[in-house]
Amino acid sequence: MTNSTFIIDNGACTAKVGLASEISKLVPNCIMKAKSERRRPFIGNQIEECRDASGLFYILPFEKGYLVNWDIQKTVWDYIFSKESCSVNLNQLSVVVTEPLFNFPSIQEAMTEIFFEEYECHSLLRINAASLSCYNYRAEYPTTKCCIVVDSGYSFTYIIPYVNDAKIKEGIRRIDVGGKLLTNHLKEIISYRQLHVMDETYVINQVKEDCCFVSQDFFKDMEQAKYKLENNTIVKDYVLPDYTTLRRGYLKDPEPSNEQQILRLTNERFTIPEILFHPSDVGIRQMGIPEAIMDSIKACSEETWPHFLSNIILTGGNAKFPGFKDRVYKEVRSLAPAEYPVNVYLPQNPITYAWYGGKQLSQDSIFPNLLVTREEYEEEGPSVCFEKFDV
């Protein structure tokens, strides 16, 4: 069955795609336009062909975590299935496609319709990315009955408790902080302090990925960041790309200014990811991740608490910040009852973890029973999907 399954973890920032028999490919889930080449839209990975990626303009299919622009999404999917990217013909394939939690029925129906009627796929499974992460984790640790998935992606951070692969709906929490908000906040701070970068989403997103880390002691780091250059371990210079000799910037120790255009970064390096732990820093009146994990666990029955606390899984792009896992562990440990052990699991690649969960699932004997085939869809219409997919 494996060879005939195509998995799309359709994230709001990156789609993780590929045949289950291969490895996951990352494709930017958007269309970009560049000032340097006004006529040509860059779809997905075509951005690598762009000569000058400064001032990129993004057209995204997702808005606030939900798929709203079908024309853009369809264009990206067409690109993914084309010879240029994965080169697949879906009418022989089962497709696993992820969708957000609490997705709107109208979006679910449109998605199902596109895969069956336009791409004519053989069979379909719509599922949440977090459920695939849970499946992947339980395949690695078969004795685990409960786990809690922290999915910190582009639009939101979700916290979802699972018992035996089933979501505990009353325990699901959402924090309105994701990678997009962090990048935008970094753009504002840099624009205010040193250089106007409000149009430079692409470059500043790279700056965030290359420079930021999660502080283990916020106030101590704030003090450290005030020191003069020679005693300051936090301050770094980021050399910006010029798109002639340098396509991606890099971090280096500060030195007296030279010809290259640099950003000097001090406390931005850790105050930006700090928003995940204190959303109120930017006026969002919500709990940070550790409190939300505890709040989620406490909404479940008490006998499950020790199991959840020892199986906390971190996924999504924000989990890649250095120090993220240690900080989540430290704070959950201080909030949790002392008699329960706490264990936080960070996969080797938190971005593709759900995709590999889909790969595992496609090899399971239960997999064919989860699918809706094209014949069933043609006979019974979209209602068969609403009955079969627990989303």
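In what order do the three strands of the open sheet lie? In this predicted model, the order is E5-E4-E6, and the pairing is antiparallel. The edges of the sheet are strand E5 (41-43) and strand E6 (57-59), each of which pairs on one side only. Averaged over neighbouring strands and ignoring direction, the turn of one strand against the next is 30°. If you would like to look at one pairing in detail, strand E4 (residues 31-33) is joined to E5 by three bridges, with the two strands running antiparallel. Within that pairing, Met32 stands opposite Phe42 in E5.

**Strand E11 and its partners**

Let us move along the chain to strand E11 (residues 146-152). Is this strand largely enclosed or largely open? Six of its seven residues are buried, so E11 is largely enclosed by the rest of the structure.

E11 has a partner in strand E12 (residues 157-163), and the two pair in the antiparallel sense over seven bridges. The connection from E11 to E12 is a hairpin of four residues. A handy pair to find on your screen is Cys147, which stands opposite Tyr162 in E12.

E11 also pairs with strand E18 (residues 312-315); here the strands run parallel and are joined by four bridges. In this pairing, Val149 stands opposite Ile313 in E18. When you follow such strands by eye, keep in mind that in a regular strand the side chains alternate between the two faces of the sheet.

**Salt bridges**

How many salt bridges does the structure hold? There are 18, and the table shows some of them.

| Basic residue | Acidic residue | Closest N to O distance |
|---|---|---|
| Lys74 | Glu118 | 3.2 Å |
| Arg248 | Asp210 | 2.9 Å |
| Lys252 | Glu255 | 3.8 Å |

Take the salt bridge between Glu118 and Lys74, with 3.2 Å between the closest N and O atoms. This pair links distant parts of the chain, 44 residues apart: Glu118 belongs to helix H2 (residues 105-118) and Lys74 to helix H1 (residues 70-81). Lys74 has a relative accessible area of 18%, so it counts as buried, the cut-off being under 20%. Lys74 and Glu118 also belong to a network of salt bridges that includes Asp78.

Next comes Arg248, which forms a salt bridge with Asp210. Here too the pair links distant parts of the chain, with 38 residues separating Arg248, in the loop between strand E15 (236-239) and strand E16 (250-252), from Asp210 in helix H5 (residues 201-211). Arg248 is partly exposed, at a relative accessible area of 35%, and Asp210 is partly exposed as well, at 28%.

In the salt bridge between Lys252 and Glu255, which side chain belongs to a buried residue? Lys252 is buried, with a relative accessible area of 16%, whereas Glu255 is partly exposed at 38%.

**A valine in a loop**

Where is Val282 found? Val282 sits in the loop between helix H7 (268-274) and helix H8 (289-298). With a relative accessible area of 29%, Val282 is partly exposed. Leaving aside residues up to four places away in sequence, Val282 touches Leu181, His185 and Ile275. Ile272 is ten residues from Val282 in sequence, and their C-alpha atoms are 10.0 Å apart.

How values were computed:
Residues numbered from 1 in each chain as written. Predicted model: local features only at pLDDT ≥ 70, side-chain atom pairs only at ≥ 80, totals over all residues. Heavy atoms only, no water. Buried < 20%, exposed > 50% of the residue type's maximum accessible area, 1.4 Å probe, protein only. Pairing = 2+ DSSP bridges. Salt bridge = Lys/Arg side-chain N within 4 Å of Asp/Glu carboxyl O. Contact = heavy atoms within 4.5 Å. Axes fitted to C-alpha atoms, helices over the stretch in contact; angles between N-to-C directions.
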